[in-house]
Amino acid sequence: MLISHEQYIFDLNQLIELIKDLTMNAPQRDITLRFLAEPQDVNFGGKVHGGAVMKWIDLAAYACAAGWSGRYCVTAYAGGIRFVAPIHVGSLVEVEAKVIYTGNSSMHIALEVNACDPKSLNRRLTTHCIVIMVAVDQNGQSERVPQWQPQTEGDKKQHASAVKLMEMRKQIGDEMQSFVE
Ligand SMILES: CC(C)(COP(=O)(O)OP(=O)(O)OC[C@H]1O[C@@H](n2cnc3c(N)ncnc32)[C@H](O)[C@@H]1OP(=O)(O)O)[C@@H](O)C(=O)NCCC(=O)NCCS
């Protein structure tokens, strides 16, 4: 069957719109927040306060989990935080968050904070950790989330690591029981 040039352009435009729709509404696996570290974030030593970094991590984890699930989410767990290097006020900060495992309602998010002098862009890792977010309804009850399947070798490694960490957290939880009784 022969199609006219106009018909061809029309179909192509429809296809582009369809792809745009699909990609814009698709769950987003990762997100990066970028901003400058402000003077209000400083600690007594003149560097960015650890608490400020933890707040940025929580914000990025929330944005990532909400983007993946399309739902309101709460922080269930944050751990393994490692402050590798200090951040100076005025630095350009990048907080990268990505889903590395999904359960029924939980999303395990790996986070990395990188910072650099905005004039030189010598980006370096400053902090990394894992946060577990849970999708909840208006009553605070956990809700199912879309499943994420690892594709690349790197993804598979991080997914396996998330499973291992779950087992280790169970042991730590049992050990910590005496502090919460
Ligand atoms: C997170 C919360 C909704 C879980 O409630 P719950 O009654 O344990 O719910 P469920 O038993 O259905 O568990 C839901 C998921 O949370 C996970 N979860 C619960 N506590 C967890 C913890 N301490 N560490 C890791 N994951 C945890 C469960 O493994 C489960 O994952 P899955 O659905 O993928 O299998 C509830 O504990 C809560 O509201 N906590 C307070 C959250 C909060 O205020 N955060 C700070 C401000 S956002």
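## An open five-strand sheet and its helices

Five strands build an open sheet in the order β1-β3-β4-β5-β2, with antiparallel pairing. β1 (30–36) and β2 stand at the edges, where each has a single partner strand, so one side of each is left without a neighbour in the sheet. From one strand to the next, the twist averages 20 degrees. That angle runs between N-to-C directions on a scale from 0 to 180 degrees, and the axes are lines fitted to C-alpha atoms, for helices over the stretch in contact. Two strands count as paired if DSSP finds at least two bridges between them.

This is a predicted model: local features need pLDDT of at least 70, side-chain atom pairs count only at pLDDT 80 or more, and totals for chains, interfaces and linings use all residues. Residues are numbered from 1 along each chain as its sequence is written.

### The whole chain

The protein has 3 helices and 5 strands. Its elements run α-β-α-β-β-β-β-α from the N terminus on. Here, helices (H or I, at least four residues) and strands (E, at least two) are DSSP runs, numbered from the N terminus. Of the 181 residues of the protein, 24% count as buried. A residue is buried if 20 or more other C-beta atoms lie within 10 Å of its own, exposed if 12 or fewer, and partly exposed in between; C-beta atoms are placed from the backbone.

### Inside the sheet

Take β1 and β3 to begin with. They run antiparallel and are joined by 7 bridges. Threonine 32 has glutamate 96 in β3 as its bridge partner.

Next comes β3 (residues 92–102) with β4. Their antiparallel pairing covers 10 bridges. The two strands form a hairpin, with 3 residues between them. β4 (106–116) also pairs with β5 in the antiparallel sense, over 10 bridges.

Which residues face each other across these strands? The table gives some pairs.

| Residue | Opposite residue or bridge partner |
|---|---|
| Alanine 97 | Leucine 111 in β4 |
| Valine 99 | Isoleucine 109 in β4 |
| Valine 113 | Threonine 127 in β5 |
| Asparagine 114 | Leucine 125 in β5 |

How covered are these strands? β4 is mostly covered, as 9 of its 11 residues are buried. β3 is mostly covered too: 8 of its 11 residues are buried.

### Two loop residues

Is alanine 37 buried or exposed? Alanine 37 is found in the loop between β1 and α2 (50–69). It is buried, because 21 other C-beta atoms lie within 10 Å. Valine 48 is 11 residues away along the chain, yet the C-alpha atoms of alanine 37 and valine 48 are separated by 7.4 Å.

Leucine 121 belongs to another loop, the one between β4 and β5 (124–135). Leucine 121 is exposed, because it has just 8 other C-beta atoms within 10 Å. Its backbone is worth a look as well. Leucine 121 has a positive phi of about 55 degrees, although it is not a glycine.

### Helix α3

Helix α3 (residues 153–180) has 28 residues. At 1.5 Å a residue they should span 40 Å, and the end C-alpha atoms are 39 Å apart, which agrees. The expected span is 1.5 Å times one less than the number of residues. α3 bends by about 35 degrees at aspartate 174. That bend is the angle between axes fitted to the seven residues ending there and the seven starting there.

Does α3 lie covered or in the open? The number of buried residues is 1 of 28, so α3 lies largely in the open.

### Around the ligand

How many residues surround the ligand? There are 13, and the closest are Tyr77, Gly103, Asn104, Ser105 and Ser106. The elements that give two or more residues to this shell are β2 (73–83) and β5. β2 gives the most, with 4 residues. A residue is near a molecule or strand if its C-beta atom, placed from the backbone, lies within 6 Å of it.

The shell divides into 6 nonpolar residues, 7 polar and no charged. Ala, Val, Leu, Ile, Met, Phe, Trp, Tyr, Cys and Pro count as nonpolar; Asp, Glu, Lys and Arg count as charged; the others, Gly among them, count as polar.
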